[in-house]
Amino acid sequence: MPAKSKAQQMAAGAALSAKRGERKKSELKGASREMVDSMSEKELHDLAATKRKGKPAHVDRD
């Protein structure tokens, strides 16, 4: 599942680093903090690996 925006891709990268223990969960904010608990490492990797070229900065929530 590819990221829909640059913000989602960057949040997934931050959550992935916390999940791997490279960053403290307490340093995370907003969506990335929720992603650590609700998504697997593979799901986070898939989102974080999305290319940012051509993606909007943010996407409105539906």
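Colleague: Leaving aside neighbours within four places in sequence, which residues is Gln-9 in contact with?
Modeller: Gln-9 is in contact with Ala-3, Leu-47, Ala-48, Thr-50 and Arg-52. Keep in mind that this is a predicted model.

Colleague: What makes these pairs a contact?
Modeller: The cut-off is heavy atoms within 4.5 Å. Gln-9 meets it with Ala-3, Leu-47, Ala-48, Thr-50 and Arg-52, its neighbours within four places in sequence aside.

Colleague: Where is Gln-9, and why is Gln-9 called buried?
Modeller: Gln-9 sits in helix α1. Its relative accessible area is 10%. Buried means under 20%. The value falls under that limit, so Gln-9 counts as buried.

Colleague: Why is Gln-8 called partly exposed?
Modeller: Gln-8 is also a residue of helix α1. Its relative accessible area is 28%. Buried would need under 20%, and exposed over 50%. The value lies in between, so Gln-8 is partly exposed.

Colleague: Which residues does Gln-8 touch, not counting those up to four places away in sequence?
Modeller: They are Ala-3, Met-35 and Leu-47. As for distance, the C-alpha atoms of Gln-8 and Val-36 are 13 Å apart, with the two positions 28 residues apart in chain numbering.

Colleague: What makes Met-10 partly exposed?
Modeller: Met-10 has 47% relative accessibility. Exposed means over 50%, and buried means under 20%. The value meets neither limit, so Met-10 is partly exposed. Met-10 lies in helix α1. Its C-alpha atom is 6.6 Å from that of Ala-48, although the two residues are 38 apart along the chain.

Colleague: Why does Ala-7 count as partly exposed?
Modeller: Its relative accessibility is 29%. That is between 20% and 50%, so the term applies. Ala-7 belongs to helix α1. Residues up to four places away set aside, Ala-7 touches Ala-57 and His-58.

Colleague: Where is Arg-23, and why is Arg-23 called partly exposed?
Modeller: Arg-23 is in the loop between α1 and α2. At 36% relative accessibility, Arg-23 is neither under 20% nor over 50%, so it is partly exposed. Beyond four places in sequence, Arg-23 is in contact with Ala-14, Ser-17, Ala-18 and Leu-28. The C-alpha atoms of Arg-23 and Ala-3 are separated by 21 Å.

Colleague: Now the helices. How do you know that the buried residues of α2 line one face?
Modeller: The buried residues in α2 are Ser-32, Met-35 and Val-36. Seen down the helix axis, they fall within an arc of 105 degrees, so they line one face of α2.

Colleague: Which exposed residues does the face of α2 turned away from the buried side carry?
Modeller: That face carries Glu-34, Asp-37 and Ser-38. Exposed here means over 50% relative accessible area. The buried residues of α2, in turn, pack against α1 and α3.

Colleague: What puts the buried residues of α3 on the same side?
Modeller: The buried residues of α3 are Leu-44, Leu-47 and Ala-48. They cover an arc of only 95 degrees around the axis, which puts them on the same side of α3. The elements covering them include α1 and α2.

Colleague: Which residues touch the most other members of the largest nonpolar core?
Modeller: Ala-12, Met-35, Leu-44 and Leu-47 do, in a core of 14 residues. Two or more residues come from each of α1 (6–19), α2 (30–38) and α3 (41–48). α1 gives the most, with 6 residues.

Colleague: Which residues is Leu-44 in contact with, leaving aside neighbours within four places in sequence?
Modeller: Leu-44 is in contact with Ala-12, Ala-15, Leu-16, Lys-19, Met-35 and Met-39.

Colleague: How much space lies in the largest pocket?
Modeller: About 460 Å³. The lining has 15 residues, and those closest to the pocket centre are Ser-5, Ala-7, Gln-8, Val-59 and Arg-61.

Colleague: How do the residues of the lining of the largest pocket divide?
Modeller: Into 8 nonpolar, 3 polar and 4 charged. α1 and α2 each supply at least two residues of this lining. α1 gives the most, with 3 residues.

Note on methods:
Residues are numbered from 1 along each chain as its sequence is written. This is a predicted model: local features need pLDDT of at least 70, side-chain atom pairs count only at pLDDT 80 or more; totals for chains, interfaces and linings use all residues. Side-chain values use heavy atoms; hydrogens and water are left out. A nonpolar core is a set of buried Ala, Val, Leu, Ile, Met, Phe, Trp, Tyr and Cys residues joined through side-chain atoms within 4.5 Å. Buried means under 20% relative accessible area, exposed over 50%, partly exposed in between (1.4 Å probe, protein chains only). Helices (H or I, at least four residues) and strands (E, at least two) are DSSP runs, numbered from the N terminus. On a 1 Å grid over the protein atoms alone, a cavity is a set of points where a 1.4 Å probe fits but cannot get out, and a pocket is an open set with protein on both sides within 12 Å along at least five of seven lines; lining residues have an atom within 4 Å of a point. Grid points are joined across faces, edges and corners, and a volume is the space filled by probe spheres set on the points. Ala, Val, Leu, Ile, Met, Phe, Trp, Tyr, Cys and Pro count as nonpolar, Asp, Glu, Lys and Arg as charged, and the others, Gly among them, as polar. The arc is that of the directions from the helix axis to the C-beta atoms.
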